[in-house]
There are 2 protein chains.
Amino acid sequence: MPKTKTVKMSLFLSSYENRLDTKGRISVPSSFRASVSSERFAGVVLYRSFTNKCIEGLSMSRMEQLAAATDKMGVFDSELDDLSAMLFADARPLAFDVTGRIVIPEDLLKHAGITDKAVFVGRGNSFQIWNPEEFKKAQEKSLNNLRSARPNLIIG
Amino acid sequence: MPKTKTVKMSLFLSSYENRLDTKGRISVPSSFRASVSSERFAGVVLYRSFTNKCIEGLSMSRMEQLAAATDKMGVFDSELDDLSAMLFADARPLAFDVTGRIVIPEDLLKHAGITDKAVFVGRGNSFQIWNPEEFKKAQEKSLNNLRSARPNLIIG
DNA sequence: TATAAAACCATAAAATACCATAAAAGTATT
DNA sequence: AATACTTTTATGGTATTTTATGGTTTTATA
């Protein structure tokens with residue numbers, strides 16, 4: 001068995017709204033930076049969400065996990081293979097600058113409808129980047145979904 | 001079988017009323033701190049309760065369990081996915097300071113109607129934080145519910 | 001050389017560490 | 001059982017650091 005160094009990766013939690021400057025730079029929330037601080041690559045990997053009007057974000061090690069999983073499954077599941085192919089083709093590794101900022105590529109911003117502000121949203125082992133308004137809308141929608149699915153579970 | 005490191009987590013028990021200072025700091029009851037003292041993350045994770053006017057609290061390891069479960073199940077259960085998404089987005093990891101205090105974020109305090117005092121309520125593997133008055137009201141209400149549901153079970 | 005990208009510098013506000021103390025709880029001693 | 005002593009806990013205030021954000025300069029590159 002290949003020796004796999006399993007880096008215990010801390011979770012991406014909570015949500016943070018930050019602002020893009022004139023050059024497109026935006027601070028990655030410090031707690032998100034901390035989540036990947038023990039990794040080789042000091043940065044994150046972004047790609048356009050397949051399902052939502054937002055950007056998906058991962059640590060590089062998670063990307064590698066995904067690659068490994070695809071290697072195993074690929075032969076048996078051509079759909080998964082296609083999906084991961086798209087993902088890898090679309091994925092952008094973005095290194096933090098000294099102050100913890102990244103420059104999100106144009107096409108990703110466009111896909112998410114982001115201009116001057118963005119919310120980093122924790123999703124456990126991954127995160128998302130949204131236009132603040134779009135995010136609020138999406139949140140309300142999934143809250144309504146849950147309400148109708150499990151009326152007794154939710155009040156807020 | 002993958003080697004799963006099981007962190008021994010002791011239970012959150014009993015209730016403690018503490019006071020918030022001007023900066024929003026509040027001491028986490030020492031017995032609650034002891035419950036997570038063997039964990040990597042010296043702190044707790046808080047989020048707005050979906051069902052009550054209170055704050056929910058968990059250990060980080062519990063949060064990680066959830067993330068692992070969501071990773072496995074998410075694909076098959078979109079409801080679970082929605083729920084955990086909301087949870088991760090709302091969850092605040094809060095580290096203890098040297099004296100065992102945390103700063104509860106504004107929006108959580110608001111959700112629970114907490115201003116200057118709060119009760120930490122043990123719930124076994126989790127806990128809640130309430131405005132003292134609200135908690136008393138909620139207690140009486142659920143006691144009445146029990147009374148009407150099982151009149152013979154309750155003496156108090 | 002023009003242009004984009006990276007490195008560098010600066011700062012207000014927010015978050016965290018640090019220091020101090022009184023009250024409470026626990027221990028030991030008579 | 002009452003007392004003196006020790007330790008822990010909760011709480012308050014102050015100092016220091018970090019973070020997010022803006023701008024400028026230098027370096028690559030097309």
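These legends accompany close-up views of a predicted model.

**View 1. Protein residues around DNA strand D.** In this predicted model, DNA strand D is surrounded by 24 residues, the closest being Lys23(A), Arg25(A), Arg33(A), Lys23(B) and Arg25(B). Of the atoms of DNA strand D that come within 4 Å of the protein, 47% belong to sugar and phosphate. Sorted by class, the surface near the strand comprises twelve charged, eight polar and four nonpolar residues. At least two residues of this surface come from each of strand E1 (15-19), strand E2 (25-27) and helix H1 (30-35) of chain A, and likewise from each of strand E1 (15-19), strand E2 (25-27) and helix H1 (30-35) of chain B.

**View 2. Polar side-chain atoms beside DNA strand D.** Arg25(A) places a polar side-chain atom 2.7 Å from a base oxygen of DNA strand D, while for Lys23(B) the distance from such an atom to a base oxygen of the strand is 2.6 Å. At the backbone, a polar side-chain atom of Ser30(B) lies 3.3 Å from a phosphate oxygen of DNA strand D.

**View 3. The largest nonpolar core.** This core has 22 residues, of which Leu46(A), Ile55(A), Ile102(A), Ile104(A), Ile114(A), Phe127(A) and Ile129(A) touch the most other members. Strand E3 (43-48), helix H4 (106-112), strand E7 (117-122) and strand E8 (127-130) of chain A each contribute at least two residues to this core, and H4(A) provides its largest share, three residues. Apart from this core lies another, of 21 residues, including Ile26(B), Val36(B), Leu46(B) and Phe127(B).

**View 4. Surroundings of Leu46(A).** Beyond its neighbours within four places in sequence, Leu46(A) is in contact with residues including Ile55(A), Asp90(A), Arg92(A), Leu94(A), Leu108(A) and Phe127(A).

Notes
Residues are numbered from 1 along each chain as its sequence is written. Chains are lettered from A and ligands numbered from 1 in the order in which they are written. This is a predicted model: local features need pLDDT of at least 70, side-chain atom pairs count only at pLDDT 80 or more; totals for chains, interfaces and linings use all residues. Side-chain values use heavy atoms; hydrogens and water are left out. A residue is near a molecule or strand if one of its heavy atoms lies within 4 Å of it. A polar contact is a pair of N or O atoms within 3.5 Å; within protein, one must be able to donate a hydrogen and the other to accept it, and residues adjacent in sequence count only if both atoms are side-chain atoms. Helices (H or I, at least four residues) and strands (E, at least two) are DSSP runs, numbered from the N terminus. Ala, Val, Leu, Ile, Met, Phe, Trp, Tyr, Cys and Pro count as nonpolar, Asp, Glu, Lys and Arg as charged, and the others, Gly among them, as polar. A nonpolar core is a set of buried Ala, Val, Leu, Ile, Met, Phe, Trp, Tyr and Cys residues joined through side-chain atoms within 4.5 Å. Buried means under 20% relative accessible area, exposed over 50%, partly exposed in between (1.4 Å probe, protein chains only). Contact means heavy atoms within 4.5 Å.
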